[in-house]
Amino acid sequence: MTHYLYQEQNWQAQLSDLITDPLELLNILELSPEQLLSGALLASTQFKLRVPRAFVTRMQKGNPLDPLLLQVLPHHLELEEHPDFVTDPLGEEQANQQPGVLHKYKTRFLLTLTGACAVHCRYCFRRHFPYQENLPKSEDWINIQHYIQSQPDINEVILSGGDPLTLSNRKIKLWIERLESIPQLKFLRIHSRVPIVMPNRVDEELISILKNSRLRIILVVHSNHASELDDFTCRQLQQLVAEKITVFNQAVLLKGVNDHVQILTDLSYRLFDAGVLPYYLHVLDKVKGAHHFDLNSQDIDSLYQGLLANLPGYLVPKLVREIAGEKNKTPLFGVSTF
């Protein structure tokens, strides 16, 4: 299907027709099945391939090293054991106060409303998270409300997952209205990769829900490479910005995907074209199955030095690492800080 047809197709249809078979993905990209080295199919059974067809149209056919493909294609190296790479690298089990609630930081807490994603990124730090045990039901709202009210420092809620924008507009509106009913809340942050991989999700109804909330809405999207940001995706993001919805981007440093100064520079400029400001550049979370994306501290430091030299300050994302148990993300700069 062409780019144009995907732009006309509604997002619900796209979400129900994801590619989940690695062999189908390779066939679409005109790559041989041998690109799936021994063990890759097993890796896919442990963490299933999921990718929207609209996102695949941005991948380069015939290129096994396409940076978008590398983020989603199962790899045999995911099966390797590395002692520092664990199933819960951010200590979220301990922060999981009750179903749906992850409270790690003083003034904000995270609601996981769904375990579903439109895309399975192979480096996902929640690829082992027990979603089914933690998803809040409607009857859990009262407990969540009481929890917020018992923590008067909380003024912001972060909707995460999974991906909250895989939920229907009706459900998103319901949860926003619930949160609006708590006077102490002032900000609502939504973390989502969906506007990048399936930009049709940014429809008129969603924009209306967000712009009419009494809460200050911040949408944090997730793009790692400028090739993800075609013209249509940029136009969809610009619609949000035009309605005074703050849109930031967070990226993850990934070996073989964006570990080059020019790639990261191009990403910042392309985001700015879309009205989006770079927010965080994350050092890889040490999640089991993602070791092959890791970079050493010297390479990271050199990359960031280059980024500082290439970009104006307002387009330089903060280089950070999240450390389990810390009260904030840890800024990184200079080899000694790694």
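# Close-ups of pockets, cavities and marked residues

**View 1. The second largest pocket has a lining that splits into 13 nonpolar, five polar and three charged residues.** What you are looking at here, and in every view below, is a predicted model. How much space does the second largest pocket hold? The figure comes out at about 360 Å³. Its lining is made up of 21 residues. If you want to find the middle of this pocket, look for Pro64, Leu65, Leu70, Leu73 and His75, which lie nearest its centre.

**View 2. The largest pocket has a volume of about 940 Å³.** There are 45 residues in its lining, and Phe125, Arg126, Ser160, His191 and Gln250 sit closest to the centre. Strands are a good way to get your bearings: β3 (108-114), β4 (156-161) and β5 (187-192) each put at least two residues into the lining of the largest pocket. β6 (216-222), β7 (246-252) and β8 (277-282) each do so too. Sorted by class, the lining of this pocket has 22 nonpolar, 12 polar and 11 charged residues.

**View 3. Three cysteines, Cys117, Cys121 and Cys124, carry a "binding site" label in UniProt.** The label comes from an unreviewed entry. Where do Cys117, Cys121 and Cys124 turn up in the model? They belong to the lining of the largest pocket, so this view goes with the one before it. Two of the cysteines get their own close-ups next.

**View 4. Cys117 is found in the loop that runs between β3 and α8 (141-149).** Is Cys117 buried or exposed? Its relative accessibility is 18%, so it counts as buried, since the cut-off for buried is under 20%. Leaving out residues up to four places away in sequence, Cys117 touches Leu18, Arg50, Gly162, Asp163 and Thr166.

**View 5. Cys124 lies in the loop between β3 and α8.** With a relative accessible area of 24%, Cys124 is partly exposed. Which residues does Cys124 contact once its neighbours within four places in sequence are set aside? They are Phe47 and Val287.

**View 6. Lys329 is listed by UniProt as "modified residue: N6-(pyridoxal phosphate)lysine".** As with the cysteines, the annotation is taken from an unreviewed entry. In the model, Lys329 falls in the loop between β9 (318-321) and β10 (330-331). What does Lys329 touch, not counting residues up to four places away in sequence? The list has Tyr105, Tyr280 and His282 on it, along with Val320, Arg321 and Glu322.

**View 7. The largest cavity encloses about 80 Å³ of space.** Its lining takes 11 residues, with Tyr6, Gln7, Ala54, Pro199 and Phe232 closest to the centre. Which helix gives the most to the lining of the largest cavity? That would be α1 (residues 3-8), with three residues. By class, the lining of the largest cavity has four nonpolar, five polar and two charged residues. In the model as a whole, the count comes to three cavities of 30 Å³ or more.

**View 8. The second largest cavity holds about 50 Å³ of space.** Around it you will find Asn249, Ala251, Leu264, Leu267 and Ser268, together with Leu271, Pro278, Tyr280, Leu281 and Pro317. Tyr280 may look familiar, as it is also one of the residues that Lys329 touches. β7, α13 (261-273) and β8 each supply at least two residues of this lining. The largest share comes from α13, which gives four residues. How many charged residues are in the lining of the second largest cavity? There are no charged residues, just eight nonpolar and two polar ones.

**View 9. Val261 is part of helix α13.** That is the helix with the largest share of the lining of the second largest cavity. Val261 counts as partly exposed, because its relative accessibility is 21% and buried means under 20%. The C-alpha atoms of Val261 and Ser302 are separated by 8.7 Å, while the two residues are 41 residues apart along the chain. Which residues does Val261 touch, not counting those up to four places away in sequence? Look for Leu303, Gly306, Leu307 and Asn310.

Note on methods. Residues are numbered from 1 along each chain as its sequence is written. This is a predicted model: local features need pLDDT of at least 70, side-chain atom pairs count only at pLDDT 80 or more; totals for chains, interfaces and linings use all residues. Side-chain values use heavy atoms; hydrogens and water are left out. UniProt positions are given in the numbering used here, feature names are shortened, and annotations may be inferred rather than shown by experiment. Contact means heavy atoms within 4.5 Å. On a 1 Å grid over the protein atoms alone, a cavity is a set of points where a 1.4 Å probe fits but cannot get out, and a pocket is an open set with protein on both sides within 12 Å along at least five of seven lines; lining residues have an atom within 4 Å of a point. Grid points are joined across faces, edges and corners, and a volume is the space filled by probe spheres set on the points. Ala, Val, Leu, Ile, Met, Phe, Trp, Tyr, Cys and Pro count as nonpolar, Asp, Glu, Lys and Arg as charged, and the others, Gly among them, as polar. Buried means under 20% relative accessible area, exposed over 50%, partly exposed in between (1.4 Å probe, protein chains only).
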